[in-house]
Each structure stands twice: as C-alpha cells, then as structure tokens.
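Please open the structure in your viewer and keep the selection tool at hand. The tour proceeds from the whole chain to a single pair of residues.

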Amino acid sequence: MASEATHPVALSVRGVSHVFRTKGRRVLALQATDLEVREREFLTIVGPSGCGKSTLMNLIVGLFAPSSGQILLRGAPINGITRSIGYVTQADNLYPWRTLRQNVEFPLEVRGMPARERRARADALIERVGLSGFGDSWPYELSGGMRQRANIIRTLAYDPDVILMDEPFGPLDAQTRLILQNQLLDLWQSERKTVIFITHDLGEAVALADRVVVMSARPGRIKTVAEVPIPRPRDLFEIHADERFRDTYKLLWASLEEEVRKGSDS
Ligand SMILES: Nc1ncnc2c1ncn2[C@@H]1O[C@H](COP(=O)(O)OP(=O)(O)O)[C@@H](O)[C@H]1O
Ligand SMILES: [Mg+2]
C-alpha cells in the first residue's frame, strides 16, 4: 500500500501483443495493446468472443509471457504468478472434497495462517456475501450463484491488490447476476481493490464500471474507452432507467456492434 501514492496507476499494459503457435498455425490473439488501470478502479472489458480478452487476463496474471511488450504492476514488471493479483474465472473451481469454508480458507492455509485467524477471516467473508449457515456445506449442495460467491471470496481471502474476473457471472440467470453484481460492488467499495472485469454483457459492463473498454474482433485491440459518469454507490436494480446509463450504453454499443457483426460475417 505504501507505493500507492507514487503509483496512481496500478497496472500498465504496454505494447503487449500475443501470438499462439499450435500445430504449425500462428494465431495473433492480441495486437499491440496499451492500457493503464488506476488504483482502485473498476474497469470492465467487453468484446466479441475470441477477441483475446482471456488471453489478456492470462498475460496479466503471469500464466505466460507476452510475445512482445510489457506488463507492469505498480511500475515493476510481472514475472510469473504473483500473490498480488487474484484471478476469478467463470468455472468456480471449488474443491469438491472441501466444504465452502474450507475452500475459502484454502489460500490462507497455503500461506500458513493459524487456524483460528483463518476461520475468522473466512467466516467474515462468508457472512458478507450472505452465505452464513452454509460454511459446512459441500460445493454440490450449493446453487451456481452460491458457488460463484464462494469463488469470489476465496480470491478475496488472500487479499490481492488487483483482482481479475473473467466472465464470472456468465452462466448465472439474470436475477442471480443482479444480486451478485450488487454484492460485488459492495465488496469492491469496502475492500478498495483494483478490479478488471471481463463480460460479454454490455449492460453489466456499464453498470459496474468506472471505465469500460471495448475490444475489436480478433486480432484484439483496444478500440474504445469510455468513462461511466454515474456516481457511487449505485443501485443496480434501478440503474437501467438512468439516462447516463442509457447514453453510455448507446455510445459503447455503436462501437461494439460493429465488432460483433464482423464475427457474424465469417
Ligand atoms: N492456448 C491457446 N492456444 C492457441 N490458441 C489460443 C489459445 N488460447 C486462446 N487461443 C486463441 O486466441 C484467440 C483469443 O482467445 P481468447 O483470449 O480466449 O478470447 P476471448 O476470451 O476474448 O473469447 C482465439 O482465436 C483463440 O482460439
Ligand atoms: Mg474468454
């Protein structure tokens, strides 16, 4: 946290491109991409399927190195997986042989946190997302929405500064998504993390974000970036009626629609 004042930029993506080579084929997944994410910003990214969104996340989290360019966390290059960056994916990846609480405690266990402290931290998070009473349940006993909440707090448990979320609410129904979106904004506001959130749902992107990034069809590049001029805290149950929501949505849809249509031609 000490470096925050000197680095108002949490994450810098500089001239990053990525080529996959498989079976003699070269796929340019990401074109030279520049992006700066501010400390404690909620940034969302939308783009047509296959445009390189997950590739960008995998590069940021350090799963593999970019073909060119550089990614910096508070000014320092990222070398491999770091605990400062948490990753929440669409599949919840909960361990089926562990209860909800044991799943949330897992990253703390790995870190060697004493059992009592671990349990207190896990229980506090479990309560925050309305899962009190389910701590001893097994993943198979939980609904999809509950599992995804558990997945998110498991990542929050080890307190990363930056959290990447790759379509975390994708498979959930509309009402469950709304509830989880609201909870996520509450968590974000109290935990003060930097969040990069990928979604294919432009409404979700606008409702959650400080800034929305639209990516072009493959090979992906950043096409449009827009600020969302809606104050916080936001009530996501009502936000669709807000004129600022509709104006921002319209502006971004014009940009995104063109990219989505490219995909439907091929
Ligand atoms: N591990 C990989 N090996 C080869 N090609 C890949 C790999 N991962 C992704 N790709 C290709 O890179 C492009 C971008 O993929 P991805 O980042 O998953 O897109 P998105 O998340 O936007 O849907 C796609 O054409 C995809 O087929
Ligand atoms: Mg993806």
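The stops below describe a predicted model.

**The whole chain.** Begin by selecting every residue and displaying the cartoon. Seven helices and ten strands make up the secondary structure of the chain. The radius of gyration is 19 Å, close to the 18 Å given by the globule rule for 266 residues, so the chain is as compact as a globular protein of that length. Along the principal axes, the C-alpha atoms fill a box of roughly 50 × 45 × 45 Å. Of the 266 residues, 39% are buried. Among contacts with a separation of 6 or more, 71% join residues 24 or more positions apart.

**The two domains.** Next, select residues 2-84, 162-172 and 196-265 together and give them one colour; these form domain 1. Then select residues 90-159, which form domain 2. The centres of the two domains, taken over C-alpha atoms, are separated by 27 Å. Where they touch, nine residues of domain 1 are in contact with seven residues of domain 2. On the domain 1 side, the touching residues comprise five nonpolar, one polar and three charged.

**An open sheet.** Which strands form the edges of the sheet with the order β2-β1-β4-β5? Select residues 25-38 for β2 and residues 76-77 for β5: these are the edge strands, and each pairs on one side only. The sheet has four strands, and their pairing is antiparallel.

**One strand pair.** Finally, select residues 68-73, which are strand β4. Strands β4 and β5 pair in the antiparallel sense over two bridges. Display L73 and, opposite this residue, A76 in β5.

Definitions and conventions:
Residues are numbered from 1 along each chain as its sequence is written. Chains are lettered from A and ligands numbered from 1 in the order in which they are written. This is a predicted model: local features need pLDDT of at least 70, side-chain atom pairs count only at pLDDT 80 or more; totals for chains, interfaces and linings use all residues. Domain bounds come from an automatic or database domain assignment. Two residues are in contact if their C-beta atoms, placed from the backbone, lie within 7 Å. Ala, Val, Leu, Ile, Met, Phe, Trp, Tyr, Cys and Pro count as nonpolar, Asp, Glu, Lys and Arg as charged, and the others, Gly among them, as polar. The radius of gyration is taken over C-alpha atoms; the globule rule is 2.2 Å times the number of residues to the power 0.38. A residue is buried if 20 or more other C-beta atoms lie within 10 Å of its own, exposed if 12 or fewer, and partly exposed in between; C-beta atoms are placed from the backbone. Two strands pair if DSSP finds at least two bridges between them.
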